[in-house]
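Got the viewer open? Here is a short walk through one model, with a few things to select along the way.

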Amino acid sequence: MAVLHIEGVAVRMRSDAVEYGWDELVSVTVSGVQYGSRVRWRFTVAAADGRVLWLGDPLPDVRELGEAVAAEVTDRTVARHLESVRTGEIVRLGPFTVDLDGVEKDGERLPWRSVRDVGIDNGLVSVTAPGATLAALAGQVPDALAFTALCAEVGGLHDAS
C-alpha cells in the first residue's frame, strides 16, 4: 500500500512501513512491460538513505501513483542538476552525461547547437541530432523524465546565449 501526501509518500512494504519526504527521494526509474492489452508498470524509487521502494502490481492505480511520485521527484531532481550544470559540473543520469556544452553517451558527444530532440518513446530515451542519435532503454536510465527535462533546460540556456 502507498499513500501520497503533500510532504511526501508513505509505503507499506511487507511487514514495515516507511515514510519519506519528497526531498529524501533522489531517483525514479520507470518501466512498463506489455502483456497482451495490459501494461504492467513498475516504478523503482531510490531514497537518499539507500533504501529502494518498488511500486508495481498489485498496487491499485499504480501508474497514476508512480507518475505522481515521479513528477514530484523530477521537479526536485531537475532543479538540483540544473544548478550543478550551471556551476560547470557534469551530471550523469544513467548512461548519459550532461554539461554546459552538450550531452554524451558512450564517448559520443552531441553539442547543444546540434541537438534537435530529447524524448522518451516506445521504451527508449533518445537524443537526436542531424545524422546522430544517442539512445538507451528507458528502464536503464534512472530519472529518464528528469533527464529529458534537464536537457530542455540546459539546451535552452545554450539557445539564450
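Start by selecting glycine 88, which comes after helix 1 and has a positive phi, near 95°. Keep in mind as you click around that this is a predicted model.

Now step back to the helix itself and select residues 62-86. That is helix 1, with 25 residues. Put a distance between its first C-alpha and its last and you should get 35 Å, close to the 36 Å expected at 1.5 Å a residue.

Next, the aromatic rings. How many aromatic pairs are there? The count comes to two.

For one of them, show the side chains of tryptophan 41 and phenylalanine 43. Their ring centres sit 6.3 Å apart with the planes at 25°, and because planes under 30 degrees apart count as stacked, this pair is stacked. Colour by accessibility and look at each partner: tryptophan 41 is partly exposed, at 22% relative accessible area, whereas phenylalanine 43 is buried, at 2%.

Then move to phenylalanine 96 and phenylalanine 147. This aromatic pair is stacked too, with 4.4 Å from centre to centre and 20° between the planes. Which elements do the two residues lie in? Phenylalanine 96 belongs to strand 8 (residues 96-98) and phenylalanine 147 to helix 2 (residues 144-160), so the pair ties together parts that are 51 residues apart in sequence.

Before you leave, check whether these rings are covered. Phenylalanine 96 is buried, with a relative accessible area of 0%, and phenylalanine 147 is buried at 0% as well.

Definitions and conventions. Residues numbered from 1 in each chain as written. Predicted model: local features only at pLDDT ≥ 70, side-chain atom pairs only at ≥ 80, totals over all residues. Heavy atoms only, no water. Helix = DSSP H or I, 4+ residues; strand = E, 2+ residues; numbered from the N terminus. Expected span 1.5 Å × (residues − 1). Phe/Tyr/Trp six-rings, centres within 6.5 Å; stacked < 30°, edge-to-face > 60°. Buried < 20%, exposed > 50% of the residue type's maximum accessible area, 1.4 Å probe, protein only.
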